[in-house]
Amino acid sequence: MRSPSVVATALCALALPALAAALDPAAVRRLGAEGSEEKLAAVRQLVADGDPAATPVLQALSEGTLALAGERVVRPVEGRTVDAATGEAIDPPPADAATIDVNNRVRREVETGLAALRLLDPAREVRRAAAEELAGAASPELAPLLGRALARERDPATRALLALAHARASLESPDPAARAAAATDLGASASSAVRALLARHAGEEEPDAAVRRAAAASLAAVDRRLALGEYAGRLFSGISLASILLLAALGLAITYGVMGVINMAHGELLMIGAYATFAVQSVFARRFPGALDWYVAAAIPVAFLAAAVVGMAMERTVIRFLYGRPLETLLATWGLSLVLIQAVRSLFGPQNVAVANPSWMSGGFELMPDVVLPWNRIAIVGFSACVLALVWLFIGRTRLGMFVRAVTQDRVMAGCTGVPTGRVDTLAFGLGAGIAGLGGVALSQIANVGPEMGQAYCVDSFLVVVLGGVGQLAGAVWAALGLGLVTKLLEGWSGAVIAKIAVLVLVVVFIQKRPQGIFALKGRVVEG
Amino acid sequence: MTPAPRQPIVLRLLAATPRAGWLALGAFALTALVVVPGLYLFTPPGSPLHVPDHVLTVGGKIMCYAIVAVAMDLIWGYAGILSLGQGLFFALGGYAFGMYLMRGIGRDGVYQSDLPDFMVFLDWKALPWFWRGTDHLAWALALVIGVPALVAVLFGAFAFRSRIKGVYFSIITQALTYAAMLLFFRNETGFGGNNGFTDFKRIAGFSIVAPGTRATLFALTAAALAGTLVLVRFVVTSKYGRVLAAIRDSEERVRFLGYDPLWYKLLAWTLAAVLCAIAGALYVPHVGIINPSEMSPASSIEIAIWVAVGGRGTLLGPVLGAALVNLAKSWFTVAFPQLWVFFLGAIFVLVTLYLPDGVLGLGRRVLRRGVSA
Amino acid sequence: MTAAPSLAMAREPAPRVPALGAHGAADVSHRVILYLEDVTVTFDGFRALNALSLYVDAGELRCIIGPNGAGKTTMMDVITGKTRPDSGTAFFGQALDLTRLSEAEIAAAGIGRKFQKPTVFEHHTVFENLELALRADRRARRTLFATLDGAARDRIAEILELVRLSGEAGRLAGQLSHGQKQWLEIGMLLVQEPQLLLLDEPVAGMTDEETERTAELVVGLAKERSIVVVEHDLAFVARLGGKVTVLHEGAVLAEGKLDDVKADPRVVEVYLGR
């Protein structure tokens with residue numbers, strides 16, 4: 001059956017170099033057969049051969065323009081009539097051409113076949129659309145073709161769909177041995193759709209016991225992998241939450257360490273950073289639409305400065321005068337946060353504003369078919385690691401950083417040795433606020449940007465500072481990681497609200513055991 | 001040391017408040033228990049002496065807030081514990097009494113079921129266990145006091161035992177009320193989700209909108225406020241009160257004198273929680289609704305500013321502060337709704353910066369200057 | 001010299017002080033009121049106390065001297081329950097295990113402490129400061145209904161006289177001078193009626209005249225109770241008489257009469273440097 005087609009292909013290639021390939025003439029002829037079964041078989045064979053030249057023929061069949069002229073199957077191309085098998089023009093056109101009718105069953109088969117052929121298309125979008133179509137309905141005959149397409153495919157999303165289509169096609173095979181083999185092969189999958197297929201074949205619906213056994217074994221393997229994937233996904237979202245918490249808490253850790261006051265408006269500094277990002281995005285959209293993808297890079301310094309300036313202004317006008325009265329500072333900074341929220345509400349409106357991810361941040365890295373790590377979250381994890389490293393270097397290596405450490409440890413002593421504590425306060429506050437602004441940039445990429453967005457983060461970041469121990473950068477990192485992971489793991493198990501409450505209870509219990517935080521400085525602690 | 005001869009407690013309570021205090025309290029009682037309810041009930045609506053409905057409602061509300069403010073002052077002004085979660089106890093008291101009011105609706109709800117409407121809406125078939133007995137007034141009142149007291153004792157024992165204080169304590173109480181708010185927002189928790197309880201019909205068999213009921217409620221609230229003032233006055237003028245203030249100023253020194261601050265703080269903290277809960281229970285029939293927003297961190301922190309505005313460490317201050325801030329809020333939200341939040345924020349900042357002793361302290365300073373001039 | 005508590009005693013669970021109100025009298029049947037044995041305290045690897053052993057007899061007036069960082073304050077912290085030792089034992093009398101009691105329980109059991117920096121309750125009057133310190137039931141519900149009887153008022157008046165603050169009884173403690181605050185604090189310790197009094201640099205910042213009066217007072221007090229004084233001022237220590245213990249690097253370097261101790265070459269080296 002194959003050899004004539006090869007010969008025909010070779011002949012056609014010689015005769016008509018313009019046409020890349022020709023089709024098995026016997027199969028093409030059978031498209032014009034009387035019975036539906038014959039037609040179906042012909043369609044399947046043409047598709048299974050995987051020749052792109054079959055596409056226009058099948059399209060013609062589906063559109064009702066394919067005709068039978070005597071023993072030749074012909075179709076119209078730009079006003080002329082060509083031989084469907086060879087693509088040769090027929091001149092003059094045959095007079096006795098009769099349109100080939102198809103019923104719905106054949107038409108469905110043709111549609112599926114066309115999709116299968118599109119899998120070989122060079123355009124990624126076309127392939128993906130085809131794979132999507134086939135993942136829903138693939139007949140067993142397509143299995144080899146799908147296997148070949150799968151082996152060639154590089155696009156992860158398309159691969160996932162193809163794998164599913166392949167699984168479906170293989171499992172539909174009438175041959176129990178083939179089904180069992182397919183079920184065993186599918187044990188390597190990690191897709192929940194494959195899992196559903198396997199579950200069907202592991203159950204009573206499957207007549208063959210061997211297939212059932214193979215499916216059940218694979219099912220267990222897939223379940224294990226899925227559980228692992230889910231765990232990995234949760235782990236990642238924990239790390240991602242931790243990196244946000246860290247950005248929010250780093251600034252607070254610095255200001256709380258230096259001045260011993262909790263800035264209740266710290267969350268609003270995050271909000272200012274996010275709105276600065278929005279403003280930069282708007283400017284880019286209007287002035288530099290070509291560089292829109294890089295607005296985030298420009299937003300980073302702008303957000304830092306905006307938040308830092310607001311923070312320093314707060315320190316200079318209010319917090320400075322409440323030194324040594326931490327509870328009053330709590331109230332005053334709460335008042336400042338109210339003013340900031342209302343100011344932003346008046347300026348930008350009470351609704352959320354739209355901050356879009358740049359295109360390079362959309363999509364994600366596919367860890368497993370069902371576990372996609374979004375690029376924006378990966379970027380944020382990397383970003384907060386960079387910020388952490390910079391802060392670390394700043395505190396450890398610069399003169400101002402040394403002053404900050406000195407004032408954190410002993411304000412009076414630092415003042416006596418000539419550290420300008422007043423200026424250090426302002427600058428440290430500016431730094432802490434600026435870092436919060438950076439947190440705002442990160443947050444704008446994954447969360448809604450609205451006037452009240454900061455409120456939820458103040459308590460959380462304070463918990464990080466408490467857990468980590470005052471004035472301890474390393475403590476803040478571990479505490480953020482711990483809180484992020486525990487929150488996300490509990491969330492998967494009990495829901496968000498219960499997780500929040502449980503985390504709070506855990507923190508309170510933890511403080512019972514280690515009142516000074518994870519990284520306590522032991523020593524003669526002065527009553528404060 | 002021979003114990004002092006036991007004095008009857010009533011006499012001790014009487015002795016704790018000076019004569020001027022009793023006169024002022026008497027005047028207040030006469031106004032709030034007799035004059036206002038009397039004018040409301042027995043003068044025709046057109047009369048210039050008539051007290052309209054909304055005055056009664058606003059007055060009742062503010063008296064509830066005043067009780068909360070006095071309780072806050074007990075722990076913040078006298079014991080140095082700034083709670084940013086006092087709204088939790090207020091709301092718990094409100095919810096406990098709200099359960100009784102919900103049961104009082106009976107079959108008059110929208111769905112005409114024995115169950116409260118929100119349960120019918122959620123397709124629940126029976127009352128959850130914690131709703132049992134809430135149709136009895138006595139049990140509901142026991143819950144009003146018992147549940148907040150239990151929460152306060154548990155949380156306080158944990159926190160004070162591990163010597164959590166200062167801003168740590170403040171933030172943790174804020175997180176506590178925030179977590180509770182999230183919990184009460186859930187429908188499954190069994191307290192009506194974000195709508196809370198509303199549409200009450202009757203209280204102890206009387207219609208909740210009847211003038212007689214409203215006047216009685218007003219008088220009851222006034223009596224509760226007066227009782228709170230007398231009780232707290234007694235507490236802060238006792239030796240206990242002096243130990244409490246000493247703990248505020250130097251907890252460690254108190255410890256080295258042989259006092260265990262845990263019990264002192266825990267008692268004041270629990271008393272304050274119960275007072276807030278009683279205020280919450282009175283508040284619900286006044287305003288006709290209770291929902292989780294009462295537990296929001298913002299409403300709890302506002303309580304602190306009432307006390308700060310009036311003047312910490314005094315008894316009149318918190319009452320004055322609660323009245324001033326809430327009257328300002330009522331006026332602003334009608335006249336300049338956009339500006340209210342700015343104004344509230346400014347109060348927070350300006351009072352802490354420039355009025356550390358509140359309006360009362362300012363008044364005292366002005367008076368002193370006037371005398372010396 | 002002094003007998004440690006018998007092993008049998010030490011092994012028994014330390015009876016909790018029954019209540020903060022009950023003034024627990026330490027059992028001094030073996031003459032010793034304070035036992036510190038092998039007490040070690042470390043902060044981040046730094047040994048503040050290094051197997052310190054110290055015994056104080058009932059009715060003794062003991063002075064502790066030593067250079068900065070010798071562990072004097074840490075030792076006070078261990079005795080008063082502020083710091084828990086990593087190892088070692090601390091007993092008050094025969095039966096009270098100080099390492100298991102809270103600060104408040106230790107204070108109620110009869111150990112009074114005066115801090116370096118005078119700490120009085122600045123927003124309370126002088127009289128109220130003394131009232132709070134007065135030996136009485138320390139439980140919260142008792143203080144709620146407590147009243148001062150005539151005897152208690154007399155006692156406070158007596159102490160006010162002794163510390164020369166009779167005229168200041170109604171003033172806020174925060175308005176007193178530095179020296180007056182020191183005296184008020186001593187007065188507070190006196191009305192507390194402790195069996196063992198710990199004084200941390202009691203004459204720091206005092207005038208010569210005040211120092212002399214304080215010395216007189218301390219010597220007088222030592223007749224009724226045991227006193228441990230930590231002090232830098234050697235003239236003051238000499239004025240007190242009594243036995244002197246020199247601490248160095250968290251352990252006892254020398255012990256004995258002041259003149260003998262001063263002659264000890266190791267002490268000279270520590271104090272004068274190499």
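Okay, before anything else: when I say "domain" today, the bounds come from an automatic or database domain assignment. With that in hand, chain C has a domain 1 and a domain 2, and their C-alpha centres lie 26 Å apart. And just so everyone knows, this is a predicted model.

Let me stay with chain C for a bit. Domain 2 is one stretch, 119–193, while domain 1 is put together from 1–7, 28–110 and 196–274. How many residues of each are in contact? It's 13 residues from domain 1 of chain C and 12 residues from domain 2 of chain C. Together the two domains bury about 1,100 Å², and 65% of that sits on carbon and sulfur atoms. Now, which residues of domain 1 supply that area? C:Met206, C:Arg213 and C:Leu217 give 43% of what domain 1 of chain C buries against domain 2 of chain C, more than any other three residues.

If you were going to look for charge pairs between these two domains, the count is 0 salt bridges. Polar contacts come out the same way: 0 residue pairs between domain 1 and domain 2 of chain C, with both residues required to be at pLDDT 80 or more. On the domain 1 side, the elements that give two or more residues are strand 7 (196–200) and helix 8 (208–221) of chain C. Helix 8 of chain C has the largest share there, with 5 residues. By class, that side of domain 1 has 8 nonpolar, 2 polar and 3 charged residues.

Next up, the sheet in chain C. Picture 4 strands in an open sheet, order 2-1-4-5, with antiparallel pairing. At the edges you have strand 2 (46–57) and strand 5 of chain C, each pairing on one side only. In general, strands of a sheet pair through backbone hydrogen bonds, either parallel or antiparallel.

Going into the middle of that sheet, strand 1 (residues 32–43) and strand 4 (residues 87–92) of chain C are joined by 5 bridges. If you want to click on the register, C:Leu34 has C:Phe92 in strand 4 as its bridge partner, and C:Leu36 has C:Ala90. Then strand 4 pairs with strand 5 (residues 96–97) of chain C over 2 bridges, again antiparallel. There, C:Phe91 stands opposite C:Asp97. What links strand 4 and strand 5? They form a hairpin with 3 residues between them, and C:Gly93 in the turn has a positive phi of about 70 degrees.

Right, on to the chain interfaces, starting with A and B. Chain A puts 38 residues into the contact and chain B puts in 42. The buried area is about 3,700 Å², and carbon and sulfur atoms give 77% of it. The salt bridge count between chain A and chain B is 1, namely B:Arg312 with A:Glu328, at 2.8 Å, N to O. We also get 3 residue pairs in polar contact between chain A and chain B, both residues at pLDDT 80 or more. Over on chain A, helix 14 (326–348), helix 19 (455–468) and helix 21 (496–513) each supply at least two residues of the side that touches chain B. Helix 14 of chain A has the largest share, 14 residues. And the classes on that side of chain A are 29 nonpolar, 5 polar and 4 charged.

Last one, chain B against chain C. Here 30 residues of chain B meet 32 residues of chain C. They bury about 3,000 Å² between them, 61% of it on carbon and sulfur atoms. How many salt bridges does the rule find across chain B and chain C? It finds 4. One to pull up is B:Arg242 with C:Glu131, where the closest N and O atoms are 2.7 Å apart. For polar contacts, the count between chain B and chain C is 12 residue pairs, both at pLDDT 80 or more. The elements of chain B that give two or more residues to the side touching chain C include helix 1 (9–16), helix 8 (211–237) and helix 11 (261–287). Helix 9 of chain B gives the most, with 8 residues. Sorted by class, that side of chain B has 16 nonpolar, 4 polar and 10 charged residues.

That's my tour, thanks.

Notes: Residues are numbered from 1 along each chain as its sequence is written. Chains are lettered from A and ligands numbered from 1 in the order in which they are written. This is a predicted model: local features need pLDDT of at least 70, side-chain atom pairs count only at pLDDT 80 or more; totals for chains, interfaces and linings use all residues. Side-chain values use heavy atoms; hydrogens and water are left out. Contact means heavy atoms within 4.5 Å. Buried area is the accessible area (1.4 Å probe) that two parts lose on being put together, summed over both. A salt bridge is a side-chain nitrogen of Lys or Arg within 4 Å of a carboxyl oxygen of Asp or Glu. A polar contact is a pair of N or O atoms within 3.5 Å; within protein, one must be able to donate a hydrogen and the other to accept it, and residues adjacent in sequence count only if both atoms are side-chain atoms. Ala, Val, Leu, Ile, Met, Phe, Trp, Tyr, Cys and Pro count as nonpolar, Asp, Glu, Lys and Arg as charged, and the others, Gly among them, as polar. Two strands pair if DSSP finds at least two bridges between them.
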